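Visitor: Hi! I have a new model open on my screen and I'd like to talk through the ligand sites and a few odd spots. Shall we start?

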Amino acid sequence: MTSLSEGHIDRSPRKGAGGGASTCTTCPYCGVGCGVIATPDFTAPTPRVEIAGDTDHPANFGRLCVKGMALGETVSTEGRLLHPQVYGQKAGWSQTLDLVASRFAKTIEKHGPDSVALYVSGQLLSEDYYVANKLMKGFVGSANIDTNSRLCMASSVAGHKRAFGTDTVPGTYEDLEEADLVVLTGSNLAWCHPVLYQRIAAAKAARPTMRVVNIDPRRTATCDLSDLHLPLAPGSDVALFNGLLAAIAKSGAVDDSFVETHVNGFDAALAAAQAVDLSVCDLDAGDIATFFDWFCSTEKTVTVYSQGVNQSSAGADKVNAILNCHLATGRIGRAGMGPFSVTGQPNAMGGREVGGLANMLACHLDLENANHRDAVQGFWNAPVMADKAGLKAVDMFEAVGSGKIKAIWIICTNPVVSMPDADAVKAALEGCDFVVVSDMYATTDTARLAHVVLPATGWGEKDGTVTNSERRISRQRAFLPSAGESRHDWDILSDVARRMGFSGFEYERPVDIFREYAALSGLAAHLGRDFDISGLKDITDAEYEALQPVQWPVSTVKTGGRFFGQGGFFTEDGRARMLPVTHRPPQGKRARKYPMWLNTGRVRDHWHTMTRTALSARLGGHLAEPFLEIHPVDAKALGLKPASLADVTSPRGTATLRVLVTDRLRQGEVFAPMHWTGETAPTGRIDALVAPIVDPVSGQPESKATPVRVSPHSAAWYGFAVSVHEPQAGTRYWAKARAQTGWRIELADDKEPADWLRFAARLLDLDPDSCEALTLFDDASGLWRVAFLRDGVLAGALFAARDPVAVARAHVVGQLDQPSGPPILAGRPGADMPDPGATICSCFNVGINTIVSAIEAQGLASVDAIGVALKAGTNCGSCRPELQALLSTSAKKEAAE
Ligand SMILES: Nc1nc2c(c(=O)[nH]1)N[C@H]1C(S)=C(S)[C@@H](COP(=O)(O)OP(=O)(O)OC[C@H]3O[C@@H](n4cnc5c(=O)[nH]c(N)nc54)[C@H](O)[C@@H]3O)O[C@H]1N2
Ligand SMILES: Nc1nc2c(c(=O)[nH]1)N[C@H]1C(S)=C(S)[C@@H](COP(=O)(O)OP(=O)(O)OC[C@H]3O[C@@H](n4cnc5c(=O)[nH]c(N)nc54)[C@H](O)[C@@H]3O)O[C@H]1N2
Ligand code: SF4
Ligand SMILES: [Mo]
């Protein structure tokens with residue numbers, strides 16, 4: 001265990017408030033890769049960490065979004081796994097790792113190398129990832145190592161490789177600011193890459209002639225910035241970009257000399273594009289014409305794409321359809337132009353660099369290429385090299401299910417929640433002979449199924465590097481001691497490798513791994529690959545400690561910058577490839593039984609399966625429950641009232657979600673977030689519904705288009721409760737979230753409890769004997785309310801009714817742990833106390849009602865004016881698109897009046 005005295009804390013000269021020094025590190029969430037300055041305060045009873053944006057970091061120049069700002073609230077050791085667990089029992093490291101090593105070795109001996117697998121994550125540091133890949137591909141001799149990046153970036157990787165020869169992101173973040181036209185497709189940048197969004201917003205404010213087009217079936221918060229929104233039919237991007245390519249040719253926007261010198265395949269790609277039927281996009285013809293016109297006439301154009309493009313059975317083709325347009329116009333690798341795939345996870349890019357996918361080698365080398373394999377084998381001095389692609393995520397878990405894979409080690413990812421067909425993944429792990437999970441928590445849906453759980457250090461405790469969306473390598477640095485006996489992922493992996501008898505894993509620190517990895521990249525560069533950080537291969541320990549964010553390549557000839565402005569693609573003839581692509585609709589079969597498309601994605605304040613963001617009350621307040629966005633016309637036809645519950649069913653499973661009626665999406669389509677889990681809302685696990693349909697080239701699942709049916713969920717009663725203790729619900733529906741001083745929970749069940757008072761005490765984990773209970777029970781009208789006071793202070797309250805409960809939730813949550821009395825049973829504030837409503841600005845905890853009243857009463861006309869009046873939107877800025885939307889709604893309302 002690292003102790004405070006071992007020098008892990010005192011890194012940087014800047015002194016913070018509580019005696020702890022400040023450390024420059026990198027945010028562990030999205031692929032923007034913002035620089036963070038963390039200042040721990042060890043003088044507080046539980047160590048606190050102050051967080052600020054790093055003004056010197058070229059990704060964010062000091063900005064942070066709300067998730068980044070709240071990092072300090074997520075680093076406590078509460079709930080952390082502090083020691084290894086074997087079959088549910090606490091165990092020592094040595095005996096546990098012996099068990100892991102021997103079970104893997106025996107399985108390989110008996111059933112061959114392909115009977116074991118690693119499933120890893122774009123949230124690992126490059127050093128962790130490098131070791132995992134080396135162990136599997138060079139020493140176990142199987143390429144059965146895949147990663148959650150398969151669910152995330154695989155289509156972009158495949159598209160890049162097909163067009164450029166390598167998985168290269170040509171541009172830089174500045175291009176997004178310098179562009180005259182930014183096209184966003186399949187990206188909710190405002191919520192998912194908020195700091196990049198803010199950079200574009202600031203550039204547009206400074207240069208209002210800049211245009212933004214947003215292509216997304218939903219009108220998301222990102223539309224706040226766009227001059228044109230194209231709500232295309234799900235999965236029709238290939239058709240739209242084919243139409244664009246045809247328009248480019250027609251309008252004379254083709255860069256003939258670039259195409260002639262640097263591109264193959266133009267004619268075939270154009271012919272395929274010209275055959276397009278644009279009606280499949282279901283868009284207004286005038287809007288399409290405007291988009292094509294803007295694109296054709298704007299030299300400085302960047303196209304940003306994310307999961308609406310990648311997570312599709314036509315994902316790789318979507319990527320190539322976009323790349324075709326940039327290659328044809330020669331708009332690539334020059335200031336203010338280019339295709340730009342934004343990465344999701346903090347180190348999805350690093351994972352691609354180290355070869356974390358089942359069909360890649362290290363350093364962008366190809367597994368299928370014998371020269372590449374030989375070079376890596378020689379470099380690693382590896383006994384056996386994998387010589388064929390391993391199983392991709394979906395196939396990997398199918399092989400676990402069928403018993404082909406008999407031992408699997410899952411590191412830094414929660415597939416029982418995030419994989420398609422999640423119940424099948426769960427069943428596969430339940431039936432697997434040996435499941436090892438490395439995580440910070442033993443309570444995740446995946447860790448609960450493991451035979452062995454290994455405690456990993458988390459953000460703030462670990463050291464290494466990550467690469468962001470613009471190829472910039474930054475350091476994550478430790479500023480906290482490791483929690484309990486937890487160990488770093490690279491260290492655990494190396495230890496197991498050594499115990500399996502492999503040499504080449506004698507690393508003592510991350511820098512040892514980094515140097516090796518940088519040296520290997522030099523070899524890769526000699527073999528004609530793009531990824532080259534060989535300029536860092538002799539980095540000293542001190543230089544690594546002090547490493548400033550640096551964009552690759554870092555070689556003797558070049559540091560940073562763009563790729564392909566003058567051609568130089570990494571294909572055999574150095575020319576890029578345009579590909580003929582044709583529209584293929586989503587592969588799930590819509591039928592009378594499953595007539596709607598289910599789209600899934602993210603919310604502003606949560607990160608994936610919420611193991612960290614759910615720890616923060618501030619982040620939990622924005623959207624406290626899993627929900628289903630549905631169009632008003634569909635809601636009416638299906639008899640779904642706002643705030644009621646709906647059952648969403650696909651051939652794979654059913655989820656129960658809160659109904660959110662909104663005209664922000666298209667009719668016939670619904671949207672649900674991916675975040676909720678068995679720990680937070682067991683009937684909200686949306687991936688239980690998603691079919692394991694994948695793109696034939698990239699193997700990436702179609703997470704954005706699942707045929708479903710939606711129906712009202714009828715329950716005998718509905719409830720809302722708060723407690724200072726963690727609620728213990730056994731009801732059919734529940735969804736819980738942190739509150740500032742305890743917890744909040746939504747409930748519904750099929751049967752009324754016989755004794756509401758006892759039920760409430762058990763639910764709220766309160767001892768009725770030590771509390772005063774205030775009750776309002778009316779069986780006739782179906783209204784049951786109870787509040788428990790301890791010494792006059794509210795310890796918990798339950799509001800239940802036969803219909804969805806309409807109480808002022810923000811108000812009730814705010815009363816928890818406060819002096820209280822009978823008026824609490826009203827569930828609303830008295831006339832003298834306004835109800836803030838649901839949180840919009842998480843930084844300053846400003847609710848929707850407060851904002852709307854201020855807009856109306858004070859005649860506020862801009863987001864900045866709201867900021868002056870209420871502070872909302874003045875810190876991280878993540879809520880500014882929502883503030884803008886409230887302004888627009890108020891303005892519309894006023895006009896109508
Ligand atoms: N707040 C927050 N931010 C995150 C994350 C998080 O969990 N929370 N996760 C990070 C990760 S790992 C990732 S990968 C990124 C993802 O970032 P994004 O890709 O921006 O996020 P998503 O919400 O998955 O999907 C983006 C949009 O694609 C749209 N879409 C669906 N189908 C189609 C289609 O056929 N065509 C088009 N053009 N659009 C479509 C959806 O309506 C959705 O608005 O976010 C990263 N940032
Ligand atoms: N329906 C649907 N499904 C999706 C998506 C979607 O849009 N729709 N998006 C997909 C995408 S793009 C992604 S990236 C995935 C994300 O899905 P996951 O990777 O499953 O989600 P996370 O919650 O980020 O899981 C990370 C886990 O690692 C743990 N952890 C954090 N830090 C460390 C560490 O340093 N070491 C170790 N060992 N563990 C650590 C966390 O506690 C957590 O349990 O979901 C995919 N699934
Ligand atoms: S935009 Fe937010 S989540 Fe993404 S890296 Fe920056 S602070 Fe972290
Ligand atoms: Mo992702």
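Visitor: How many residues surround ligand 2, and which are the closest?
Guide: This is a predicted model, and in it ligand 2 is surrounded by 32 residues. The closest are Gln-123, Ser-418, Asp-439, Thr-609 and Asp-687.

Visitor: Which side chains have an N or O atom 3.0 Å from a nitrogen atom of ligand 2?
Guide: Gln-311 has a side-chain N or O atom 3.0 Å from a nitrogen atom of ligand 2. Arg-602 also has one at 3.0 Å from a nitrogen atom of the ligand. In addition, a polar side-chain atom of Asp-489 lies 2.8 Å from a nitrogen atom of ligand 2.

Visitor: And how much of ligand 2 does the protein bury?
Guide: The protein buries 98% of the 930 Å² that ligand 2 exposes when taken alone.

Visitor: What about the shell by class, nonpolar, polar and charged?
Guide: Around ligand 2 there are 10 nonpolar, 15 polar and seven charged residues.

Visitor: Which domains does that shell around ligand 2 draw on?
Guide: Domain 2 (85-151 + 347-469 + 484-510) and domain 4 (601-702) each provide at least three residues of the shell around ligand 2. Those two domains also touch: 22 residues of domain 2 are in contact with 24 residues of domain 4. Their C-alpha centres lie 29 Å apart.

Visitor: Which other domains are in the assignment?
Guide: Besides domain 2 and domain 4, the assignment gives domain 1 (4-73), domain 3 (154-341), domain 5 (717-826) and domain 6 (839-896).

Visitor: OK, on to ligand 1. Which residues are the closest there?
Guide: Asp-216, Gly-235, Ser-306, Arg-602 and His-606 are the closest, out of 35 residues that surround ligand 1. Arg-602 came up for ligand 2 as well, with its side-chain N or O atom 3.0 Å from a nitrogen atom of that ligand.

Visitor: Which side chains have an N or O atom by an oxygen atom of ligand 1?
Guide: Ser-306 has a side-chain N or O atom 2.6 Å from an oxygen atom of ligand 1. For Asn-599, the distance from a side-chain N or O atom to an oxygen atom of the ligand is 2.9 Å. There is a backbone example too: an N or O atom in the backbone of Gly-308 lies 3.4 Å from a nitrogen atom of ligand 1.

Visitor: How much of ligand 1 is buried by the protein?
Guide: Ligand 1 exposes 920 Å² taken alone, and the protein buries 99% of that.

Visitor: Which elements give two or more residues to its shell?
Guide: For ligand 1 they are helix H6 (189-192), helix H12 (307-310) and strand S21 (596-601). By class, the shell holds 10 nonpolar, 17 polar and eight charged residues.

Visitor: Where does ligand 1 lie in terms of domains?
Guide: Ligand 1 lies between domain 3 (154-341) and domain 4 (601-702), because both give residues to its shell.

Visitor: And ligand 3, what is around it?
Guide: Its surroundings include Cys-27, Cys-30, Cys-34 and Cys-65, along with Lys-67, Pro-194 and Val-195 among others. The shell has eight nonpolar, two polar and one charged residues. Helix H1 (66-69) and helix H7 (194-206) each supply at least two of the shell residues.

Visitor: Switching to backbone geometry: what should I know before I look at the outliers?
Guide: Most residues other than glycine have a negative phi, and most peptide bonds are trans. Here, the bond from Trp-552 to Pro-553 is cis, with omega near 5°. Pro-553 sits in the loop between strand S19 (550-551) and strand S20 (576-577).

Visitor: What is the phi of Met-610, and is Met-610 buried or exposed?
Guide: Met-610 is not a glycine, yet its phi is positive, about 65°. Met-610 counts as buried, because its relative accessibility is 4%. Its place is the loop between S21 and helix H22 (617-620).

Visitor: Same thing for Asp-791: buried or exposed?
Guide: Asp-791 counts as exposed, at 84% relative accessibility. Its phi is positive too, near 50°, and it is found in the loop between strand S31 (783-790) and strand S32 (793-801).

Technical notes: Residues are numbered from 1 along each chain as its sequence is written. Chains are lettered from A and ligands numbered from 1 in the order in which they are written. This is a predicted model: local features need pLDDT of at least 70, side-chain atom pairs count only at pLDDT 80 or more; totals for chains, interfaces and linings use all residues. Side-chain values use heavy atoms; hydrogens and water are left out. A residue is near a molecule or strand if one of its heavy atoms lies within 4 Å of it. Helices (H or I, at least four residues) and strands (E, at least two) are DSSP runs, numbered from the N terminus. Ala, Val, Leu, Ile, Met, Phe, Trp, Tyr, Cys and Pro count as nonpolar, Asp, Glu, Lys and Arg as charged, and the others, Gly among them, as polar. A polar contact is a pair of N or O atoms within 3.5 Å; within protein, one must be able to donate a hydrogen and the other to accept it, and residues adjacent in sequence count only if both atoms are side-chain atoms. Accessible areas come from the Shrake-Rupley method with a 1.4 Å probe; for residues, only the protein chains shown count as cover. Domain bounds come from an automatic or database domain assignment. Contact means heavy atoms within 4.5 Å. Buried means under 20% relative accessible area, exposed over 50%, partly exposed in between (1.4 Å probe, protein chains only).
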